[in-house]
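Good morning, colleagues. Please have the sequence and the structure open before you as I speak.

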Amino acid sequence: MTDASGDTRANAIEVEHVTLELGDRAILDDASFTVLKGEFIGVLGPNGAGKTTLMRALLGLLPLSSGSIRVDGEAVVRGNPSIGYMPQIRSGLAGRRVRGRDFVAMAADGHHWGLPHASPAVRADVERVLDLVDAHALAARPLSELSGGERQRLLLAQCLLGKPKVLLLDEPLISLDPRHQTGVVDLVRRVQRELGITVLFSAHELNPLLNSLDRVLYLGNGRAALGTVDEVITKAVLSRLYGSPIDVMRVNGRIFVMSRGVEIDKLDHAHEEGDEGHEHDHEHDHDHGHGHGHDHKAKGKHTHNV
Ligand SMILES: Nc1ncnc2c1ncn2[C@@H]1O[C@H](COP(=O)(O)OP(=O)(O)OP(=O)(O)O)[C@@H](O)[C@H]1O
C-alpha cells in the first residue's frame with residue numbers, strides 16, 4: 001500500500017502482479033496484495049492452493065514467472081535474515097533425543113551442531129527466544145518427551161532467532177488437538193504483538209485463528225484475496241476462489257465454509273488425518289515435490305486487496 005506521498009515504509013510484504021508456476025500450472029496468476037507491518041495474517045485456501053508455494057516464493061526459493069515481491073522493502077533474496085520460517089513438519093521430531101535448548105540452537109546460522117559449539121552471541125539469542133516463547137522449562141528435556149504443542153513452541157523459538165521482522169508459519173496447527181491449537185495461536189499472537197512483527201500463518205481451518213488474525217489472505221484458483229474476515233469470507237469471494245458455489249454460515253461465533261452442504265475443510269483435508277504418506281518436511285532448500293491430485297487452472301485476472 002502506498003500513501004499519497006508514495007511512502008511504502010509501512011508495508012511488510014508487497015506482491016505485485018505475481019505469477020508463480022509449478023510445472024505447467026499457474027499457482028498464482030497475476031496476484032497483487034500488500035501486507036502491512038505488524039499484521040497477523042491467516043493464510044487459507046484449499047489443499048494445493050499454493051500456501052506453501054507462496055511462502056517459498058517469499059523466501060526466494062522459487063523464481064517468479066512474472067511480477068515482483070518485496071519483503072520489508074527489499075526484493076526477495078535467499079537466506080533473508082528479515083524472515084523467520086517454520087516449514088510444515090508433522091513428524092520426525094517426536095523420535096529425537098536432542099534437548100530442547102540444543103534443538104533451538106541448531107537453527108542458528110552456522111550452528112548446526114547445537115549449543116556446545118555456539119558463540120556467546122548465539123547462546124544469548126537462544127536464551128532470548130526461549131524466554132519469548134516461555135520455553136525454559138522445556139529446554140532441558142529431549143524432544144521425544146514433549147507434546148506436539150510443546151515442540152511447536154520450540155519451533156517458534158527457532159524462527160525467532162536473529163530477530164526477523166516477518167514470520168512465515170506453514171500450518172503450525174496440523175496434527176494438534178483443539179486445545180493445543182488454541183495454545184499455539186495465542187502464543188504466536190502474543191509474541192507477534194510483543195515484538196511488533198508481521199506474521200503469515202497458514203492453516204486449513206479459519207476458526208482457530210478467528211480471534212487472533214487481523215486479516216485473511218485466501219488463495220484459490222490462481223487468485224488471492226486479502227481483506228478482513230467480513231470482506232473475504234463471503235459467498236461471492238469464496239465462490240470465485242473455489243471456482244464453484246460456496247456458502248458461508250456463521251454459528252455461535254464460528255464460521256463454516258460449505259460446498260453443496262458439506263463443510264469444505266472436512267472435504268479438503270479429510271485425507272490428511274493420520275496420512276503418513278502425505279507428510280511434508282520442507283527444508284529451506286528442498287524441492288517441494290508432493291502431489292495433491294487437484295486441478296487448479298488459473299482463470300482470468302485476479303487478486304487484490306478486497
Ligand atoms: N515441483 C512441482 N511441480 C508441479 N507441481 C507442484 C510442484 N510442487 C508443488 N506442486 C503443486 O502445486 C500446488 C501448490 O502446492 P502447495 O503445497 O503450495 O499448496 P498448499 O496450499 O500449501 O497445500 P496444502 O494445504 O496441501 O499444504 C499443489 O497442487 C502441488 O501439488
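**The sheet and its helix**

I begin with a turn: in the hairpin of E1 and E2, two residues lie between the strands, and Gly23 there adopts a positive phi near 60°. Please bear in mind that this is a predicted model.

The two arms of that hairpin, E1 and E2, run antiparallel and are joined by eight bridges. Within this pairing, Val18 stands opposite Ala31 in E2.

How does the hairpin fit into the wider sheet? In what order do the four strands of the open sheet lie? The order is E2-E1-E4-E5, and the pairing is antiparallel. Strand E2, residues 25-36, and strand E5, residues 74-75, stand at the edges; each has a single partner strand, so one side of each is left without a neighbour in the sheet. As a general point, strands of a sheet pair through backbone hydrogen bonds, either parallel or antiparallel.

Let me turn to the other partner of E1. Strand E1, residues 11-22, pairs with strand E4, residues 66-71, in the antiparallel sense over five bridges. Two positions illustrate the register: Glu14 stands opposite Arg70 in E4, and the bridge partner of Val15 in E4 is Ile69.

Finally, the helix. Which strands does helix H1 lie across? Helix H1, residues 51-58, lies across E1, E2 and E4, and runs at about 115° to E1.

Notes
Residues numbered from 1 in each chain as written. Predicted model: local features only at pLDDT ≥ 70, side-chain atom pairs only at ≥ 80, totals over all residues. Heavy atoms only, no water. Pairing = 2+ DSSP bridges. Contact = heavy atoms within 4.5 Å. Axes fitted to C-alpha atoms, helices over the stretch in contact; angles between N-to-C directions.
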